[in-house]
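Dear colleague,

I am passing on to you the structure we spoke about, and below it you will find my notes on what turned up when I went through it. Please read them with the structure open beside you.

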Amino acid sequence: MKDNSISSKSLLQLLDDASALAVVGFDHDLKICQYGNGAKRLMGWPRSEALGQSGDTLLHEENFLATTTGKAKKSTVMGETRITRPGGDLIHVRVLLRKAEPSESPIRWWGLYQDMSEIYDLRQRIAHTSGPFASSSAHEAREAQFLSELLSHTMENIRIGIAVLEASEGRITYVNDGFEQITGFSVLDATTRTVGELLADYSIFRNHLEGFLDEVVTGGAMEAEVRHWEVEVPAGTRILETYARLIVIEGFPQQFVLLLIEDNTMRQRLQLQLVQSEKLAAIGQLAAGIAHEIR
């Protein structure tokens, strides 16, 4: 059977001759020992001047070859750099360096060069043209991230229960930690369940809340007046101040209801204590006045 394989050297020479790529061979000292027509077109140096010269000294603006090959842990490594043409002109290139086979001695490394000047110039023009806008966009992105984190932190730590429900089914899509602290329903208990499912064992609260939400969703009002209920929840008997509003979230076709719940149990108890104290004080004053008249 005839062997139709082609050697790496022949393949690279073919690429060098028939494409816009340039192929250069370097020995162990990184001196140029293979320099084809593609290399001459791209680099500009005649073959007679290039052969035997240090690749870094003749071609590369910086110590690119020594640094890149020294750090190479694999047989192939890629990077971008600039090369120097006759007269000092610089062009930007992408370089793929590949270790040569032992049979290809004296070549130690093959360098495959691609001209990136036009792409680099385009990058520079875009950066120059949109630099201020890019800076502004980056600033806006940082600001948006900060506000998002601030809002998230506030919602999770505020001492008000927050819940977001799908308007059509009353299915809960989000609750914060405040909701759990006030009602006793955990995030796992509440999320993805409907109000009816969540409050199945708490009929008074369920009836109050379902009627309240129905008023907002189907009653034609974007929001309902604040309501006060005394209800039983897993956290115990609570006096709740409740507010609901219909909202539209950008990017979602369905509507949602924002539900806010505040625990007024302690406040109501203090108010009752205050009223009771005022009553007792009034009774005491009345008793003192009656005793004075009797005397």
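**Backbone, pockets, core and salt bridges**

Thr 192 sits in the loop between helix H8 (187–190) and helix H9 (195–198), and its phi is near 75°, a positive value in a residue other than glycine. Please keep in mind here, and throughout, that this is a predicted model. Most residues other than glycine have a negative phi. A second case is Leu 30, with a phi near 65°, again positive in a residue other than glycine; Leu 30 belongs to the loop between strand S1 (22–26) and strand S2 (32–35). Is Leu 30 buried or exposed? With a relative accessible area of 12%, Leu 30 counts as buried, because buried means under 20%.

Turning to open spaces, the largest pocket has a volume of about 280 Å³. Eleven residues line this pocket, and those closest to its centre are Arg 159, Ile 182, Asp 263, Asn 264 and Met 266. Helix H7 (177–183), strand S10 (255–263) and helix H11 (265–294) each contribute at least two residues to the lining of the largest pocket, with H11 giving the most, namely four. By character, the lining of the largest pocket divides into two nonpolar, three polar and six charged residues.

The second largest pocket holds about 160 Å³ of space and is lined by 14 residues, of which Ala 167, Glu 169, Gly 170, Val 195 and Leu 213 lie nearest its centre. Two or more of its lining residues come from each of strand S6 (161–166), H9 and helix H10 (203–217), and H10 gives the most to this lining, with four residues. The lining of the second largest pocket is made up of six nonpolar, four polar and four charged residues.

As for enclosed space, the count comes to one cavity of 30 Å³ or more, and the largest cavity has a volume of about 70 Å³. Among the residues that line the largest cavity are Ala 163, Leu 165, Ile 172, Phe 179, Val 195, Phe 205, Leu 209, Leu 259 and Ile 261. S6, H9, H10 and S10 are the elements that give two or more residues to the lining of the largest cavity. What is the character of the residues in the lining of the largest cavity? They divide into eleven nonpolar, no polar and no charged.

The largest nonpolar core has 27 residues, and those with the most contacts inside it are Phe 179, Phe 205, Leu 209 and Leu 259; these four names also appear in the lining of the largest cavity. Elements that each supply at least two residues of this core include S6, strand S7 (172–175), strand S8 (223–233), strand S9 (236–248) and S10, while H10 gives the most to it, with five residues. Leaving aside its neighbours within four places in sequence, Phe 205 is in contact with Leu 199, Trp 229, Val 231, Glu 232, Val 233, Leu 240 and Ile 261. There is also a second, separate core of 24 residues, which includes Leu 42, Val 77, Leu 97 and Tyr 113.

Finally, the structure holds six salt bridges. In one of them the side chains of Glu 80 and Arg 94 meet, at 3.4 Å from N to O; Glu 80 lies in strand S3 (residues 76–84) and Arg 94 in strand S4 (residues 90–99), so the pair ties together parts that are 14 residues apart in sequence. Glu 80 is partly exposed, with a relative accessible area of 44%, and Arg 94 is likewise partly exposed, at 27%.

Another salt bridge joins Arg 238 and Asp 263, whose closest N and O atoms are 3.4 Å apart. This pair links distant parts of the chain, with Arg 238 in strand S9 and Asp 263 in strand S10, 25 residues apart. Asp 263, which was named above among the residues closest to the centre of the largest pocket, is partly exposed, with a relative accessible area of 31%.

Glu 169, one of the residues nearest the centre of the second largest pocket, meets Arg 171 in a salt bridge of 3.2 Å, N to O. Arg 171 is partly exposed, with a relative accessible area of 26%, and Glu 169, Arg 171 and Glu 197 are linked in a network of salt bridges.

With best regards

Conventions. Residues are numbered from 1 along each chain as its sequence is written. This is a predicted model: local features need pLDDT of at least 70, side-chain atom pairs count only at pLDDT 80 or more; totals for chains, interfaces and linings use all residues. Side-chain values use heavy atoms; hydrogens and water are left out. Buried means under 20% relative accessible area, exposed over 50%, partly exposed in between (1.4 Å probe, protein chains only). On a 1 Å grid over the protein atoms alone, a cavity is a set of points where a 1.4 Å probe fits but cannot get out, and a pocket is an open set with protein on both sides within 12 Å along at least five of seven lines; lining residues have an atom within 4 Å of a point. Grid points are joined across faces, edges and corners, and a volume is the space filled by probe spheres set on the points. Ala, Val, Leu, Ile, Met, Phe, Trp, Tyr, Cys and Pro count as nonpolar, Asp, Glu, Lys and Arg as charged, and the others, Gly among them, as polar. A nonpolar core is a set of buried Ala, Val, Leu, Ile, Met, Phe, Trp, Tyr and Cys residues joined through side-chain atoms within 4.5 Å. Contact means heavy atoms within 4.5 Å. A salt bridge is a side-chain nitrogen of Lys or Arg within 4 Å of a carboxyl oxygen of Asp or Glu.
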